[in-house]
Amino acid sequence: MKPHIAENPQVTVDAEHEARLQFLTWDRTQADIDAPEHRARQAHWTEVAGARFHPTAYVAAEAAIFTTHLVLGEASWIAGHALVRGDVEFGAHCTVNPYAMISGKVRCGDGVRIASHVSIVGFNHGFDDPNMPIHKQKHETLGITIEDDVWIGANAVVLDGVTVGKGAVIAAGAVVSKDVPPLAIVGGVPAKVVRYRGQSARGDAVSSLGRLGGAAAAQWPEVLARHRDGDAYVSREADGTVRRSARHRNDAIEIAAGFGAVPEGLDVEATLAELRAMQDPVTGLFPDPHRPPAARQAMRDDGLALYNVLSVGYAIEVLGGQPRHPVAAVELEATALCDWLEGLTWRERAWSAGAAVDAIGTALYYNARYFTTGRARETLFGWLALKQDRATGLWGSPTADEGLLQPVNGFYRLTRGTYAQFGLPVPNAERAIDSVLLNYRNYGGFSGPTYTACNLLDTIHPLLLCLRQTDYRRAEAEAIARAVIARAEERWVPGQGFAFADGQEPSLQGTEMWLSVVHLAAELLGIAGEFAFVPKGVHRTQAVGLGL
């Protein structure tokens, strides 16, 4: 006959310990983890809930596990009365306290602490159609990502589509509906950044800028020398291939100029003569001598001839010269200029269309500053004002494969050569900020192969430009700027500079672009004076105005 609990003190002790483990799960021992009852529970959930447990993981007896996929990492535990359902992964040393609810698609890194009564909801009910009952509308699942070392306080709610950055703290009762930057402490409804953990965010960024700027200022001559091949500057690929382009020398000139110098051994007068001689006297454009336009191709349809309006033209200015000829290709009557603009690739490749507008705007700047110009500027800005998508603040269309990437990157190129260069306010700046931040989030902060100088430049410059007009979502933009500065320091290769993207060789293009990105990020934070590099050419930030 089974003894009464009161008659068996050991049973009383065991029952008390089991009850404690439901609520004070940190009291578990290795014996509790290895207990036959616990291993049987794990085996059951492995069979019916798609679970996979590290040998040191523990799940209390009264936890509710209804998953299609569950991973519980090393030394992680789930307390009693917690609900875990859907498609959920926890890394190592994660803790889920009693009455927490994790639903839908949720991915947690290592060291995530989830307090009692937290709701992490990685799905959403459809409700957009007012003519259909909500219970009949489709569910949507974007998923939630919670990075390493995050603490989520009691009664907080994290909604679908959110990424919580590494080291963040979510205050009790917060409702998190937007991404949380790394190391941010957020609170409120909706949650907003209150402050950042550890040293002040400004102090961290200033320290990083000082270290990176000091290294780059000391090493840039070595970086330039590495890319010399005789009298020319080149790009050296990972497979040993040497690639030649007019841009490489111009990047070298701009890198040196950013530190208040010229490349060692550069004959300024001879270089100016060579650069000015590249200009086509009829169109005023700058075809690349290493890759001339294809036969029967109109020069204005050649991407390099247009880009060199910036690359060669600004290098000429940096060295104290000016273009030899006006850029006649852009001095068009209104109908012809509008036809050109409307024929660009706005629907399928908005970045390329924005790049063409960048070159047109820059050519009009040269004409106005050094020669004479007609009414093409008014036509250009009028066309842009009428053609902007007021819902997104962008020009051009998203694509099925890349989403907003093309119009966001095109926004940078377009506004750089027009609104930024001439000191004019960007129309619908707040909608543009929304789109840039959404694109950044959709690409996971450009993690992995998308973390390139181009994608970060095309994020930071638009945010900086638009935030000159408004403080809308400034905290989120500043968090991105701080993250860029922090990561840039670790990306610098001593004596070689920056690679354009991870997995590539350091290059002059990568070095100039990343130094400029860091400067822009520092300017967005109001601490550009702490960085030794100041862009003087393509990525300069000072406007010339319309007075000229």
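Start with the largest cavity, which has a volume of about 80 Å³ in this predicted model. To see its walls, select Tyr314, Arg416, Ala420, Gln421, His461, Arg540, Thr541, Gln542, Ala543 and Val544. Colour them by type and you'll get four nonpolar, four polar and two charged residues. Now add helix H11 (residues 405-422): with three residues, H11 gives the most to this lining.

Where next? A search of the whole structure finds two cavities of 30 Å³ or more, and the second largest has a volume of about 30 Å³. Pick out Arg247, Asn250, Asp251, Glu254, Tyr307, Ser311, Glu512, Val538 and His539 to show its lining. This set divides into two nonpolar, three polar and four charged residues. Helix H5 brings the largest share, four residues, while H5 and helix H7 (303-318) each supply at least two.

Stay with H5 and select residues 246-258: the helix lies across strands E21 and E22, at about 105° to E21. Those strands belong to an open antiparallel sheet in the order E20-E21-E22. E20 (228-229) and E22 (242-244) are the edge strands with a single partner each, so one side of each has no neighbour in the sheet. Zoom in on arginine 228 to find its bridge partner in E21, tyrosine 233.

Last stop: an open, mixed sheet of eight strands, running E2-E4-E6-E8-E13-E16-E18-E19. Its edges are E2 (58-59) and E19 (192-196), each with a single partner strand, so one side of each is left without a neighbour in the sheet. Further in, select 151-152 and 169-170: here E13 and E16 run parallel, joined by two bridges, with isoleucine 152 opposite isoleucine 170.

Methods:
Residues numbered from 1 in each chain as written. Predicted model: local features only at pLDDT ≥ 70, side-chain atom pairs only at ≥ 80, totals over all residues. Heavy atoms only, no water. Pairing = 2+ DSSP bridges. Contact = heavy atoms within 4.5 Å. Axes fitted to C-alpha atoms, helices over the stretch in contact; angles between N-to-C directions. 1 Å grid on protein atoms, 1.4 Å probe; cavity = no way out; pocket = protein on both sides within 12 Å on 5 of 7 lines; lining within 4 Å. Points joined across faces, edges and corners; volume = space filled by probe spheres on them. Nonpolar A, V, L, I, M, F, W, Y, C, P; charged D, E, K, R; others polar.
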